[in-house]
Amino acid sequence: MKKVAPSILSADFTRLGAELSAMEAAGADYHHLDVMDGHFVPNMTIGPLVVEAARRAASIPLDVHLMISDPLTYAPQFAKAGADIVTFHFEATPHVHSVMMKIAQAGAKVGISLTPSTPVEALSEVIGGLDLVLIMSVNPGFGGQAFIPESLDKIARLRRFIQARTDRHILIEVDGGVSDKNAAQLYEAGADILVSGSFLYGAPDYQAALDSLKR
Ligand code: DX5
Ligand code: ZN
């Protein structure tokens, strides 16, 4: 599919609306919004209020990545704030299926994210109810980390895992350390959406950087 989702984690928050518009003009397919609670990961970022503001400023779908310990309570709030896709971490909760139901009931697409140490097979009981799987190719929490090379094979295995279980096209998204150095291999392995923070928002020319990922 070759879609790109710039992560606002590396954007200039004093002018968030302008940053979103500039990435849209450069050809972004989604905005990726990283929500961190200082508990599931050792960093804190944004809540539903900023998602709501981004919704008003944006004209492409919002892809919200929850790195929080209590998605059962908070995931629906992000759907209501205007997230088109709400992705939570498999590792965060014993109530994975309940969270999925709550997101769907709130009207958003349902995503699950796996940290680097969680195997693809963890999804075997819930894969049928998913719209998207997010493979973390760094440990969640911070932008600008180095890509974990084993993620490439994990994506290929996830694509086969999905194909063996459903005819639906479940989106595969990759997040962490994505750049023009690995983008082609990631799409080749079966990724549909590449998330990129520091490589895109740190670039002098957003359009050239975005094109270099899709090319
Ligand atoms: C990290 C976040 C990422 C982050 C990626 O936990 O989930 O979305 O913004 O940043 P880069 O592309 O710089 O690795
Ligand atoms: Zn993310």
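**Close-up 1. V99 in helix α4.** V99 is buried, with a relative accessible area of 0%; here buried means under 20% relative accessible area, exposed over 50% and partly exposed in between, with a 1.4 Å probe and protein chains only. V99 belongs to helix α4, residues 96-105. Helices (H or I, at least four residues) and strands (E, at least two) are DSSP runs, numbered from the N terminus. Not counting residues up to four places away in sequence, V99 touches P71, L72, A75, F88 and T93, where contact means heavy atoms within 4.5 Å. Measuring tape aside, the C-alpha atoms of V99 and T87 are 9.9 Å apart in space, with the two residues twelve apart in sequence.

A word on the model before moving on: it is predicted, so local features need pLDDT of at least 70 and side-chain atom pairs count only at pLDDT 80 or more, while totals for chains, interfaces and linings use all residues. Residues are numbered from 1 along each chain as its sequence is written, chains are lettered from A and ligands numbered from 1 in the order in which they are written, and side-chain values use heavy atoms, with hydrogens and water left out.

**Close-up 2. The zinc ion (ligand 2) and its protein donors.** H32 (NE2), D34 (OD), H65 (ND1) and D175 (OD) are the protein donors of the zinc ion, at 2.0 to 2.3 Å from it. Donors are N, O and S atoms within 2.8 Å of the metal (3.2 Å for Na, K and Ca), and sites may look incomplete because water is not among the atoms. Along the chain, the donors follow the spacing H-x1-D-x30-H-x109-D. Distant parts of the chain are linked here: H65 sits in strand β3 (residues 62-67) and D175 in strand β7, 110 residues apart. The arrangement is octahedral because the six donor atoms around the zinc ion subtend angles of 71 to 170°. For the geometry labels, four donors count as tetrahedral if all angles lie between 85 and 135 degrees; four count as square planar and six as octahedral if opposite donors are over 155 degrees apart and all others between 65 and 115; anything else is irregular. H65 counts as buried at 0% relative accessibility, and D175 counts as buried at 9%.

**Close-up 3. The surroundings of ligand 1.** Ligand 1 is surrounded by 20 residues, and the closest are S7, G141, D175, G197 and S198; a residue is near a molecule or strand if one of its heavy atoms lies within 4 Å of it. Now for the polar contacts, each a pair of N or O atoms within 3.5 Å; within protein, one must be able to donate a hydrogen and the other to accept it, and residues adjacent in sequence count only if both atoms are side-chain atoms. An N or O atom in the side chain of D34 is 2.8 Å from an oxygen atom of ligand 1. From H65, a polar side-chain atom lies 3.3 Å from an oxygen atom of the ligand. G177 takes part through its backbone, with a polar atom 2.8 Å from an oxygen atom of ligand 1.

**Close-up 4. N182 in the loop between β7 and α6.** N182 is found in this loop and counts as buried at 8% relative accessibility. Its side chain reaches the backbone oxygen of G177 at 2.9 Å. A polar atom of the N182 side chain also lies 2.9 Å from the backbone nitrogen of S179. Leaving out residues up to four places away in sequence, N182 touches F147 and G177.

**Close-up 5. Helix α5 and the loop that follows.** Helix α5 (residues 151-163) has 13 residues and reaches 18 Å from its first C-alpha to its last, close to the 18 Å expected at 1.5 Å a residue; the expected span is 1.5 Å times one less than the number of residues. In α5, the buried residues are S151, K154, I155, A156, L158, R159, F161 and I162. These buried residues pack against β5 (109-114), β6 (132-136), β7 (171-175) and α6 (183-189). T166 lies in the loop between α5 and β7 and counts as buried at 18% relative accessibility. The T166 side chain reaches the backbone nitrogen of R168 at 2.9 Å.

**Close-up 6. M1 and K2 in the segment before β1.** M1 is placed in the segment before β1 (3-6) and counts as exposed at 61% relative accessibility. Leaving aside neighbours within four places in sequence, M1 is in contact with H169, L171 and D192. The C-alpha atoms of M1 and L171 are separated by 8.9 Å, with their positions 170 residues apart along the chain. K2 has its place in this segment too, and counts as partly exposed at 38% relative accessibility. Although K2 is not a glycine, it has a positive phi of about 55°.
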